[in-house]
Amino acid sequence: MTANAEKWDVLKVLNWTKGYLAEKGVENPRLEAEWMLCEALSLDRVGLYLNFDKPLSDAELALYRGMVARRGRREPLQYILGSQEFMGLEFRVTPAVLIPRHDTEVLVTEAVKRGEACRSILDIGTGSGCVAVAVAKALPEAEVYTVDVSADAIEVARGNAERNGVSVQFFQGSLFEPFAGKRFDMLVSNPPYIISADLATLQQEVRDFEPVGALDGGGDGLDFYRRITADAPAYLNPGGWLLFEVGAGQAGEVLELLTSGGFSNERFSQTDPAGIERVVGGRLA
């Protein structure tokens, strides 16, 4: 696919890209080709379908060709397009942050369900800010705080709060480090939970492009659950909630950590649409 005397119209470009991406092992190559071409041409998919015979200019073809090359190297589509939808909201994403997954919407739903009486909520390890922003959107009366060790992630998250019109307070640091003497009504976290030895087996898009610090949960995947659960009582008001997203098969062990850590009241687990126990939580006794 080159910019020369040969004219490439929308349909021809899509068909070529579908074959190219399929050879590179990309799932849903036709759909992804359409999304990238929509971005390159500033069209929605309806507009794309109404313009199958539209020839691309040299500039449009060059822009699109660069996007396709990146996807052929298995860079995540969300980084190429620069955004991801989550809870009906649009989030900017860069390689500095984990791409929001729809599994994490279960964490937001459970936090909102229990957060109507909460005046202060802390999102630990905010990344793109998707959890904090979605919670702040649903609970506008609550003060929502976030913390992340990455300054680049904080910058992305702050922009996402502004984009979605919510007030969130951002802090850089490790876990509870910036909050000496501060207490909250709820703590939520989607911490790193991949077992270190399993990182090499992850899908190429995840393994090679997403930030390893947001993935690596240590030898058994539970390092951050232990650290957060151990310190959480010092930063929660009486009866405060601690809610976690967990990896597949981790719910039982994390529930045990909550019990031994003093979160024995109203413990619960909640499944995601695939039937995997995805969120666990408990209330400080």
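Buried here means under 20% relative accessible area. I'm jotting that down before anything else, and I'm also noting that this is a predicted model.

**Entry 1: helix α7**

I started with helix α7, which covers residues 130-138. Which residues of α7 are buried? I found C130, V131, A132, V133, A134, V135 and A136. That makes seven of the nine residues, so α7 is largely enclosed by the rest of the structure.

Next I checked what α7 lies against. The helix lies across β3, β4, β5 and β6. Its direction is at about 180 degrees to β4.

**Entry 2: α7 and its helix partner**

I then looked at α6, residues 105-114, which packs with α7. A reminder to myself: a packed pair of helices is described by the angle between the axes and the distance between them. For α6 and α7 I have an angle of about 35 degrees and axes 10 Å apart. Their crossing is right-handed. On the α6 side, L107, V108, A111 and V112 make the contact, and on the α7 side V131, A134, V135 and A138 do. Of these, V131, A134 and V135 were already in my list of buried α7 residues.

**Entry 3: the sheet**

I moved on to the strands. How many strands form the open sheet, and in what order? There are seven, in the order β5-β4-β3-β6-β7-β9-β8, and the pairing is mixed. At the edges I found β5 (168-172) and β8 (265-271), each with a single partner strand, so one side of each has no neighbour in the sheet. On average, neighbouring strands are turned by 15 degrees against each other, with direction ignored.

I zoomed in on one pair of strands. β3 (residues 120-124) and β4 (residues 143-148) run parallel and are joined by five bridges. In this pair, I124 of β3 stands opposite V147 in β4.

**Entry 4: rings**

I went looking for aromatic rings, and the count comes to 11 aromatic pairs. Y49 and F52 are one of them: their centres are 5.1 Å apart, with 40 degrees between the planes, and the pair is tilted. Y49 has a relative accessible area of 40%, so I wrote it down as partly exposed. F52 is at 23%, which means partly exposed as well.

Then I compared that with F86 and F91. Their ring centres are 6.0 Å apart and their planes stand at 80 degrees, so this pair is edge-to-face. Are these two buried or exposed? F86 is buried, with a relative accessible area of 0%, and F91 is buried at 0% too.

I also spotted a cluster, where ring pairs link Y145, F171, F179 and F184.

**Entry 5: a charge over two rings**

Over which rings does the charged end of R114 sit? One is the ring of W241, with the charged end 5.3 Å from its centre. The other is the ring of F268, at 3.6 Å from its centre. R114 also belongs to α6, the helix from Entry 2, which spans residues 105-114.

**Entry 6: L61**

My last look-up was L61, in helix α4 (residues 58-72). Its relative accessibility is 3%, so L61 counts as buried. I checked L61 against D9, which is 52 residues away along the chain, and their C-alpha atoms are separated by 9.7 Å.

Definitions and conventions
Residues are numbered from 1 along each chain as its sequence is written. This is a predicted model: local features need pLDDT of at least 70, side-chain atom pairs count only at pLDDT 80 or more; totals for chains, interfaces and linings use all residues. Side-chain values use heavy atoms; hydrogens and water are left out. Helices (H or I, at least four residues) and strands (E, at least two) are DSSP runs, numbered from the N terminus. Buried means under 20% relative accessible area, exposed over 50%, partly exposed in between (1.4 Å probe, protein chains only). Rings of Phe, Tyr and Trp (its six-membered ring) pair if their centres lie within 6.5 Å; planes under 30 degrees apart count as stacked, over 60 as edge-to-face and the rest as tilted. A charge sits over a ring if NZ of Lys or CZ of Arg is within 6 Å of the ring centre and within 35 degrees of the ring normal. Two strands pair if DSSP finds at least two bridges between them. Axes are lines fitted to C-alpha atoms, for helices over the stretch in contact, and angles run from 0 to 180 degrees between N-to-C directions. Contact means heavy atoms within 4.5 Å. A crossing is left-handed if the near helix is turned anticlockwise from the far one by less than a right angle, and right-handed if clockwise.
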